[in-house]
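Hi everyone, thanks for making time this morning. I'd like to walk you through a few charged pairs and then one sheet, so please have the viewer open.

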Amino acid sequence: MATIYDIAKKSGYSITTVSKVLNESANVSEKAKRKVLAAVEELKYTPNSSARTLATNKSWMIGVVFAEHLGVGLAHPFFSEVIESFKKQIELYNYDLLFISRKMGLKEETYKHLRHRGVDGVVVIQSLGDDALDFTEFNMPTVFIDMPEKGAKAVYSDNRQGSKLAVDYLYELGHRKIAHITGTQSMYTAIERTEAYKAAMESRGLVVPDSYIVNGGYYSYEGGREAMLKLLLLRNRPTAVYVSGDVMALGAIKVIREAGLRVPEDISVIGFDDIPVTGHIDPPLTTIRQNTEVIGKQSAIVLLDEINHLSKGRENHVIPVQLVKRGTCQVVDAKK
């Protein structure tokens, strides 16, 4: 197995210079970098992880914590896409990921465990709202995904803009009776989307009956089914439904069809997320797209800056969303 001494001999540079190149130090010439990296490639050199840790005072490990009520973790399309993007970006800097047991959740013991494992930083994917841990007492580079967290940096979608896009689009199609299936109101994303829905409806001069806002729980398929059942029982049934998550929207569409109604001919439906399956159902789901690739990549950049003491302040990074027009919404007579 090749060693750092072999690399030095092959490249013609000192062990100190080789070490700087391998540890990505800034004060190394481009010529030295090219020669050293060429020697690394030719000799198929693989750095010893223990030696690298001693040399850099880093573990080169990032802890990954899921804290969400459904307990699905990576099985959820949104989370899996975000983590895949995060992973691709973090691996460019030779970091590995350490996934923390879902049973630990987001609590003080979790951070003690992460310190024990010696991780350099933590990425937390959570949307627990009131159940979230007060982060201010911990001193560890951390980035939160999906909601802001006091005392930490966060990357999340522009939920309010998403709701406005959904309501405005349905209004432009002639819909005036627009209902909303929400996520549970202890979750940041759900609160933001619901408040923005109400504001968008008000800005259009539309009155929202209390019965038009139905809690679908933790963004589950069954939650969408149960919420849609309640809307179908209303005497003044809505002509369109804005659903706070795609998985819930799929459950809602199933119930509409089971009731002998059609989407979008009888009821238009718009979701939120743009998970992969939504483009392949019949008809394809109109939805608000969260840019999971950008969320994951930006989260990695933010965390690396924290680890390397390059970040300034505690600003959050809000990622724009996009309306994706497909086949579950159609024009109606605005007088109906």
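Let's begin with a pair you can find quickly: Glu91 and Lys87, whose side chains form a salt bridge with N to O at 3.0 Å. Keep in mind, please, that this is a predicted model. Both residues sit in helix α5, which covers residues 77–91, and because they are four residues apart there, about one helical turn separates them. How accessible are these two? Glu91 is partly exposed, at 40% relative accessibility, and Lys87 is partly exposed as well, with a relative accessible area of 30%.

As a general reminder, side chains of opposite charge can pair when their charged atoms come close. How many salt bridges turn up in a search of the whole structure? The answer is twelve, and I'll show you a few more of them.

Please go to Arg225 now. Its side chain meets that of Glu258 in a salt bridge, 3.2 Å from N to O. Which helices do the two partners come from? Arg225 belongs to helix α9 and Glu258 to helix α10, residues 246–258, so this pair ties together parts that lie 33 residues apart in sequence. Is Arg225 buried or exposed? With a relative accessibility of 19%, Arg225 counts as buried, since the cut-off for buried is under 20%.

Next comes Asp266, which makes a salt bridge with Arg262; their closest N and O atoms are 3.3 Å apart. Asp266 is partly exposed at 26% relative accessible area, and Arg262 is also partly exposed, at 48%. There is a network to look at too: salt bridges link Arg160, Glu192 and Glu195.

Now let's come back to helix α9, because it takes us to the sheet: this helix, residues 221–232, lies across β6, β7 and β8, and it runs at about 150° to β6. The sheet itself is open and has six strands, in the order β7-β6-β8-β9-β10-β12, with mixed pairing. At the edges are β7 (213–215) and β12 (321–324); each has a single partner strand, so one side of each has no neighbour in the sheet. On average, neighbouring strands here are turned by 15° against each other, ignoring direction.

Let's zoom in on one pairing before we finish. Strand β8, residues 240–243, pairs with strand β9, residues 268–273, in the parallel sense over three bridges. Within this stretch, you'll find Tyr242 standing opposite Ile270 of β9. Thanks for listening, and I'm happy to rotate the view for anyone.

Conventions: Residues numbered from 1 in each chain as written. Predicted model: local features only at pLDDT ≥ 70, side-chain atom pairs only at ≥ 80, totals over all residues. Heavy atoms only, no water. Pairing = 2+ DSSP bridges. Helix = DSSP H or I, 4+ residues; strand = E, 2+ residues; numbered from the N terminus. Axes fitted to C-alpha atoms, helices over the stretch in contact; angles between N-to-C directions. Contact = heavy atoms within 4.5 Å. Salt bridge = Lys/Arg side-chain N within 4 Å of Asp/Glu carboxyl O. Buried < 20%, exposed > 50% of the residue type's maximum accessible area, 1.4 Å probe, protein only.
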